[in-house]
Amino acid sequence: MKHDMLQPYTRVENISNGVRGTVRYHGLIEDSPDHGVYVGVEWDEGEGGKYDGEIFGKRYFTAPAKSSSFLKEGKVCVGGVLCDALVTKYECAELHAKSLQKGSSEYDEKFNSQARSRVMNVHVPKAVQRDSNGVFSKLVNVSASGMKVSTCGALSSLFPNLTDLSLSFTLWHSWHEVANVLRSLPHLSVLSLSGNRFEPLTEACNEELRDSAPPPLTSLSLTNTNLTWNEVVSFSSLFPTLKELNCNDNKYKEVVLRDLPSLHTLRLDNNDVETWRAVAEGLSSLEGLTSLHLSGNPLRSVDMGVPRPNGLRRLYLRRTEVRDWGSVDAIREMGVEELSLSDTPLTKEQTEHERRCLVVARVPTLKTFNRGVVGRNERVDCERFFVRYYHGCDDPPAVWHDLVAVHGRLRPLAQIDMSPKLTANVMVKYIHIEEEVEAVLNVRQTIGFMYSTLCKPFSLDPAKVVMTHVDPEVAGTPHERQVLRTRERQIHTYRIKDGDCIEVREKTEGEEEDEECY
């Protein structure tokens with residue numbers, strides 16, 4: 001490995017365990033036993049090392065405790081060339097298919113004839129085949145996700161028509177190589193750089209990126225890159241056609257974005273945004289923004305009166321700290337059509353049905369709530385529930401008066417529990433052995449379960465007995481006694497209740513067995 005391949009900010013992978021990190025130092029460790037050259041690496045996960053950049057009493061860089069290691073050069077590997085890796089990927093697929101078609105060796109003749117016959121028609125898609133000039137001209141969608149690559153190579157020569165490229169979780173780190181990608185792929189519209197760690201975005205890097213004649217990107221993913229927000233703004237502003245920007249998992253506390261007139265979707269999930277003002281005010285000039293994702297942030301409320309994108313129609317606030325209904329009233333003022341509020345303190349005090357009704361009724365423009373479509377009939381039911389829920393309240397929400405004007409002053413419905421009682425205390429009479437015992441039955445269990453339970457104390461065979469339900473409340477009528485035959489039915493469906501009697505008797509000789517029962 002060449003010395004200059006391990007400059008600071010170079011991405012490397014630990015050969016022994018596959019963990020990735022960033023080079024922070026490369027050079028002599030003066031007081032090491034061998035006085036040798038080492039690579040100081042800060043690992044991505046922030047743990048797994050023994051050091052914080054200091055070793056043998058001397059500091060070579062600064063990092064969190066136990067986040068770094070000092071390794072010999074041969075213990076880490078650097079990224080390869082993207083173009084070569086893609087050629088290998090697609091040529092291997094083609095060669096594998098052809099080898100399966102052709103077959104080989106005595107082993108193949110003896111043991112693999114059937115397998116070979118199955119793959120005679122294996123076909124490599126034309127999209128991943130080279131044309132007559134040796135170019136992958138029909139390939140437009142490529143994923144190098146997870147590959148050990150860090151430089152571009154001759155992309156424009158072999159993959160000139162790519163429109164969708166994923167470089168997520170590779171060893172990419174250089175803005176110069178990002179510029180090479182942009183320069184090589186004039187038709188690129190979707191680019192993912194997620195999961196990588198980059199060198200600082202200096203003014204020189206910015207100038208090179210601008211000079212690369214950036215393609216008309218519509219989607220850019222910078223999730224889990226640890227870029228500063230200023231770096232995100234600087235890079236994304238190169239693409240005035242950008243419609244979707246993904247910046248999840250980057251620990252941002254606030255965002256300001258003004259120069260992307262085409263942007264309609266911004267994903268900021270799992271960051272550190274605590275206040276609505278920290279995002280809404282900074283995005284207020286983005287008239288085209290329709291979808292904002294803030295799930296997983298410690299956001300406490302959505303505030304009225306804060307400038308915000310006027311066209312916002314979809315808002316995702318799952319797993320946030322939103323806890324007051326004033327936030328829902330603020331969302332109502334936005335005219336949001338799709339909303340996610342699951343797993344928030346706001347919705348933990350009510351049942352799932354109550355939560356949905358109270359939110360849907362409050363926001364008349366909602367068409368989808370927590371991924372469930374809000375139909376016309378459901379909306380009417382939710383609004384009527386809302387009127388009843390706040391009936392008699394001294395200070396109902398303002399929207400309550402609007403809904404009363406539509407549905408009238410509805411009173412709360414009577415709450416009647418129609419579910420069966422959980423247990424029944426019965427007397428069990430064993431006719432043929434002249435025994436009586438009291439038993440408590442779980443009436444939501446099956447008749448078959450009752451047969452097994454009541455036969456067990458006297459070691460009776462459930463298949464050789466018949467049980468009859470005796471209801472003393474209807475004594476002397478045809479409904480007094482009922483044979484319990486259908487063992488798949490639940491006990492409560494026979495209306496067995498406290499004070500009833502269960503008679504257990506042996507089957508008489510020649511008594512016909514009920515196939516449904518047995």
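Two strands count as paired if DSSP finds at least two bridges between them. With that in mind, a good place to enter this predicted model is strand β3, where E42 is the bridge partner of T22. T22 belongs to strand β2, which spans residues 20-28, and β2 is joined to β3 (residues 37-43) by seven bridges, with the two strands running antiparallel. Strand β2 also has a partner in β1 (residues 11-14): three bridges link them, again in the antiparallel sense. One of the residue pairs here is E13 with R20, the latter lying in β2. Together β1 and β2 make a hairpin with five residues between them, and G18 in the turn adopts a positive phi of about 80°. Strand β2 is mostly covered, since seven of its nine residues are buried.

Stepping back to the whole chain, the protein contains 13 helices and 25 strands. Of its 518 residues, 46% are buried. The accessible surface comes to about 27100 Å², and carbon and sulfur atoms hold 49% of that area. Among contacts with a separation of 6 or more, 58% are between residues 24 or more positions apart.

How far can the model be trusted along the chain? The average pLDDT is 87, and 89% of the residues score at least 70. Two stretches deserve some caution. Over residues 100-126 pLDDT stays under 50, and the model has 21 contacts beyond four places in sequence for this stretch. Residues 513-518 also stay under 50, with 14 such contacts. Where pLDDT is low, the predicted coordinates should not be read in detail.

The interior comes next. Which residues have the most contacts inside the largest nonpolar core? This core has 96 residues, and the ones in question are F159, F235, L245, L268, W276 and L315. L245 shows what such a position looks like: leaving aside residues up to four places away in sequence, L245 touches L220, L222, V232, S236, L257, L263, T265, L266 and R267. A second, separate core has 22 residues, including V428, L441, M450 and L460.

V428 from that second core also appears in a strand pairing, standing opposite I502 in β25. Strand β21 (residues 423-430) and strand β25 (residues 501-506) run parallel and are joined by four bridges. Strand β25 has another neighbour in β23 (residues 465-470), and here six bridges connect two antiparallel strands. M467 has V504 in β25 as its bridge partner.

Helix α6 offers a clear lesson in how a helix can have two faces. Which residues of α6 (residues 203-211) are buried? They are C205, N206 and L209. These residues cover an arc of only 100° around the axis, which puts them on the same side of α6. The pattern fits a general rule: an α-helix has 3.6 residues a turn, so residues three or four places apart point the same way. Cover for the buried residues of α6 comes from elements that include α5 (175-184) and α7 (229-236). On the face turned away from the buried side, α6 carries the exposed residues E203, A204 and D211. Just after the helix, A213 takes a positive phi of about 55°.

Key:
Residues numbered from 1 in each chain as written. Predicted model: local features only at pLDDT ≥ 70, side-chain atom pairs only at ≥ 80, totals over all residues. Heavy atoms only, no water. Buried < 20%, exposed > 50% of the residue type's maximum accessible area, 1.4 Å probe, protein only. Arc of directions from axis to C-beta. Contact = heavy atoms within 4.5 Å. pLDDT = per-residue confidence, 0-100. Core = buried A, V, L, I, M, F, W, Y, C linked by side-chain atoms within 4.5 Å. Areas by Shrake-Rupley, 256 points an atom, 1.4 Å probe, with all protein chains shown as cover.
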